[in-house]
Amino acid sequence: MQILVTGGAGFIGGHIAQSVVEDGHDVTVLDNLDPYYDVGIKRHTIDICREAAQASDGSYEFVEGDVRDADLVDRLVAEADVVYHQAAQAGVRTSVDEPRKPNEINVDGTLNVLDAARDGEIERVVLASSSSVYGKPEYLPYDEDHPTTPVSPYGVSKLAGEQYARVYNEVYGLPTVSLRYFTVYGPRMRPNMAISNFVSRCTNGKPPVVYGDGSQTRDFTFIEDIVDVNRTLMTDDSADGEILNVGSTGNIDIHTLAEVIRDEIDPSLELEYGEQPTGDAQHTHADVSKATELLGYEPSTEIREGVSQFIDWYQDNRDWYEPLVLQS
Ligand code: NAD
């Protein structure tokens, strides 16, 4: 199959691209190498995917370009059987500082992808949405019918993107699926996230700094589970037109997460506390029963096991990855 991964030099898109190219598919990645975190990780990801293509029957082409460029998106989507649209201004905190940017990239960019696919023969457009669309919990865990009241510009932009996808499905019959990811982590993760930050500090003998009192809870979801559900959607049409939660097996508060990481790396460290940034949701917790029912989604990596795998990866890749975390 011919697969287009927008944002495929980034964390999640890079893992999807690597996985499908390893299986012998032809992959094109569109990514503008946005420097909001160090592009060294993205160049590393591109190299890994190129090597994977050489070792498989698949092919890999990297196109440096912008999802806001409608002509370019038209051309690339026209050649694709499946599009994994991951490109975005990701991250809640950046969006609080620059509230217009997620609208330009996440909303206009998504419309470019959907519109390019509208008249084609495309098998499926899979969109990366986010638990950030929920915002304030009225009950937990969130099911997909929970009200959406995002508390950041980023959350608003992801909500608009998935609603456009739903409408393109209803009005034009475009096969779309939106996946609401819940805090994804794993090798090559964005360096500005809690897990990479805690691991980096503990590895360097510094205490992890927990924002607020650490009572915030998250469904940390291991990257392999996210790749698996995206891979299922390559050929499975049972969820066309749907919006699905994809979370993890267990919910954990940030304080406990910091302790788990601290205990594995350096139990002598005392946790420290800092101010909680604006725009962060207090709790996220996914009810994944809809994804389980429609796609057989079963998150398999429990947080302690996933964190342990990430720590091993971190130690093996410390020479190039750690400087990027420290500067983020
Ligand atoms: P990421 O920042 O690592 O990846 C996004 C990629 O998009 C980057 O490589 C970036 O260069 C690229 N990009 C940004 N603007 C672009 C543009 N205008 N044109 C082309 N490419 C552009 O982030 P990620 O963590 O891999 O997130 C992937 C997707 O998943 C995003 O849509 C994000 O909103 C969503 N998501 C991620 C998480 C998470 O925990 N990581 C949670 C919920 C949703």
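**Entry 1: the lining of the largest cavity**

I sorted the residues lining the largest cavity by class and obtained 3 nonpolar, 6 polar and 2 charged residues. The model I am examining is a predicted one. The lining consists of His85, Ala87, Asn106, Thr110, Leu127, Ala128, Ser129, Ser157, Lys158, Gly161 and Glu162.

I then asked which helix or strand gives the most to this lining. Helix H6 does, with 4 residues. I noted that helix H5 (100-118), strand S5 and helix H6 each supply at least two residues of the lining.

**Entry 2: the count and volume of cavities**

Rolling a probe the size of a water molecule over the atoms shows where empty space is left. I looked up how many cavities of 30 Å³ or more there are, and the count came to 1. For the largest cavity I recorded a space of about 70 Å³.

**Entry 3: the shell around the ligand**

I next turned to the ligand, which 31 residues surround. The closest of these are Asp31, Tyr37, Tyr154, Val184 and Arg190. By class, I found 16 nonpolar, 8 polar and 7 charged residues in the shell.

Which elements supply at least two residues each to the shell? I listed helix H1 (11-22), strand S5 (124-130) and helix H6 (153-172). Strand S5 gives the most, with 3 residues. I also note that S5 and H6 appear again here from my entry on the cavity, where each supplies at least two residues of the lining.

**Entry 4: polar atoms at the ligand**

I looked up three distances between the protein and the ligand. A backbone N or O atom of Ile12 lies 2.8 Å from an oxygen atom of the ligand. In the side chain of Lys42, an N or O atom is 2.8 Å from a ligand oxygen atom. For Asp66, I found a polar side-chain atom 2.8 Å from a nitrogen atom of the ligand.

I then asked how much of the ligand's accessible area the protein covers. On its own the ligand has 820 Å² of accessible area, and the protein covers 98% of that.

**Entry 5: the protein as a whole**

Finally, I recorded the overall features. The protein has 12 helices and 13 strands. Along its principal axes, the C-alpha trace spans about 60 × 45 × 35 Å.

I also compared the radius of gyration with that of a compact globule. A compact globule of 328 residues would have a radius of gyration near 20 Å, and the protein has 19 Å, so I recorded that the value agrees.

Conventions
Residues are numbered from 1 along each chain as its sequence is written. This is a predicted model: local features need pLDDT of at least 70, side-chain atom pairs count only at pLDDT 80 or more; totals for chains, interfaces and linings use all residues. Side-chain values use heavy atoms; hydrogens and water are left out. A residue is near a molecule or strand if one of its heavy atoms lies within 4 Å of it. A polar contact is a pair of N or O atoms within 3.5 Å; within protein, one must be able to donate a hydrogen and the other to accept it, and residues adjacent in sequence count only if both atoms are side-chain atoms. Accessible areas come from the Shrake-Rupley method with a 1.4 Å probe; for residues, only the protein chains shown count as cover. Ala, Val, Leu, Ile, Met, Phe, Trp, Tyr, Cys and Pro count as nonpolar, Asp, Glu, Lys and Arg as charged, and the others, Gly among them, as polar. On a 1 Å grid over the protein atoms alone, a cavity is a set of points where a 1.4 Å probe fits but cannot get out, and a pocket is an open set with protein on both sides within 12 Å along at least five of seven lines; lining residues have an atom within 4 Å of a point. Grid points are joined across faces, edges and corners, and a volume is the space filled by probe spheres set on the points. The radius of gyration is taken over C-alpha atoms; the globule rule is 2.2 Å times the number of residues to the power 0.38.
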